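User: Could you walk me through this one, starting with the fold and then moving on to the ligand?

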Amino acid sequence: MELRIGVIGTGAIGEDHIRRLTDTITGARVVALSDINKENALRVSKKYNVTFYETGYEVIWSPDVDAVVIASWDPTHAEFVLECIKAKKYVLCEKPLGISAEECMTIVKAEAAGGKKLVQVGFMRRYDKGYRKLKEIIESGEIGEPLMVHCCHRNRIPGPQHTTDMTIKNSGIHEIDILRWLLGEDYESGQVLMAKQNQNALDGLKDPQIMLLKTKSGVRIDVEVNMNSHYGYDIQCEIVGEKGVIRLPDPTSILKKKSGMGSHEILSDWSQRFVEAYDVEFQQWINSIKESGPVGPNSWDGYVAAVTADTLIKARKLETIEPIILEPQPAFYC
Ligand code: NAP
């Protein structure tokens, strides 16, 4: 049986997911789409021969749609996810799940009340080969207990709507989720330090920032989140254990030697860097829906990431170290 997918949001990643679902993923096809930018949505609808709907709500409630992908801008995520829960439809929502911990908790409660796991959050790094290998090594005990983690999240340049808070709640949220998943534990506290201001940053954007996290067991984490590297999209992660160090590999690239110089390409954005991770994420999501339901990052993971992001933003504004406090985890998610 082919799953019929509706996509809300046909911007950069929405169109890329439609391409992925059409050309790469098996067992599903995109049958409906919608976006506030009607002109672009109609272009995508024509390109992929998908029916255009005026609103995301019409996509969700269409009897022709079995499951929904949300790739619209961040502030619309929670309302569309809640509507999917109401319509009892599976939904893969791009990160972040909501723009605040409160929004995410509303989703957690609504999903748990419905009694069926319907929501998966687009934390696709959990499907990246490199991160999966890191997790395997950590769990094998080969490097002993992790003690420290050093990360960089460097974007080439941010979009025009990017804000200082989004550096944490839209970009750094990837590290917040993946490190919790890699280490298998929650955070205890967080702090944000500002580096020397990059004068090339957009007017008013404070950049770069350094997120500092401490886990419950005492692992210390530092993450440079730098929106204006100018040279490319560069994701680094090094885990220092008791008996060894492991590091996320860079994507494979050709070493070019020419005119007395050696060089290799550095990718410019997330769509290239994590293309395989998105493919695996979507194929597994489709397969899981056909079996017993989604098994990837869930609403609770989205909530924990949002609490952590909100706390870090508070810590940055107050220039303090803040405790990261979660509501009790509903048994539904244990
Ligand atoms: P995008 O290209 O800007 O597309 C977002 C869509 O939302 C566009 O159609 C845009 O319309 C629309 N939009 C913008 N401002 C709006 C507003 N004020 N009201 C209503 N709609 C508005 O962004 P994107 O890069 O595709 O990102 C979409 C979502 O995916 C975001 O939530 C982002 O966090 C997530 N994402 C996840 C990853 C990942 O690695 N998992 C990577 C990229 C993005 P206009 O064309 O008119 O601006």
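Analyst: We can take the sheet to begin with and then turn to the ligand, bearing in mind that this is a predicted model.

User: In what order do the strands of the sheet come?

Analyst: The sheet is open and built from six strands, which run in the order β3-β2-β1-β4-β5-β6 with parallel pairing. At its edges stand β3 (51–52) and β6 (119–121), and each of these has a single partner strand, so one side of each is left without a neighbour in the sheet.

User: And over how many bridges do β1 and β4 pair?

Analyst: Strand β1, covering residues 3–8, pairs with strand β4, residues 67–70, over four bridges in the parallel sense, and within this pair G6 stands opposite V68 of β4.

User: Which strands does helix α9 touch?

Analyst: Helix α9 (residues 275–290) packs on the sheet and touches β1, β2 (28–34), β4, β5 (90–93) and β6, with its direction making about 165° with that of β5.

User: Switching to the ligand, which residues come nearest?

Analyst: There are 20 residues around the ligand, and of these D35, I36, D74, E94 and Y278 come nearest.

User: What are the distances to its oxygen atoms from D35, H77 and A12?

Analyst: For D35, a polar side-chain atom lies 2.7 Å from an oxygen atom of the ligand, while H77 places a polar side-chain atom 3.0 Å from a ligand oxygen atom. With A12 the contact involves a polar backbone atom, which is 2.9 Å from an oxygen atom of the ligand.

User: How much of the ligand's accessible area does the protein cover?

Analyst: On its own the ligand has 890 Å² of accessible area, of which the protein covers 73%.

Note on methods: Residues are numbered from 1 along each chain as its sequence is written. This is a predicted model: local features need pLDDT of at least 70, side-chain atom pairs count only at pLDDT 80 or more; totals for chains, interfaces and linings use all residues. Side-chain values use heavy atoms; hydrogens and water are left out. Two strands pair if DSSP finds at least two bridges between them. Helices (H or I, at least four residues) and strands (E, at least two) are DSSP runs, numbered from the N terminus. Contact means heavy atoms within 4.5 Å. Axes are lines fitted to C-alpha atoms, for helices over the stretch in contact, and angles run from 0 to 180 degrees between N-to-C directions. A residue is near a molecule or strand if one of its heavy atoms lies within 4 Å of it. A polar contact is a pair of N or O atoms within 3.5 Å; within protein, one must be able to donate a hydrogen and the other to accept it, and residues adjacent in sequence count only if both atoms are side-chain atoms. Accessible areas come from the Shrake-Rupley method with a 1.4 Å probe; for residues, only the protein chains shown count as cover.
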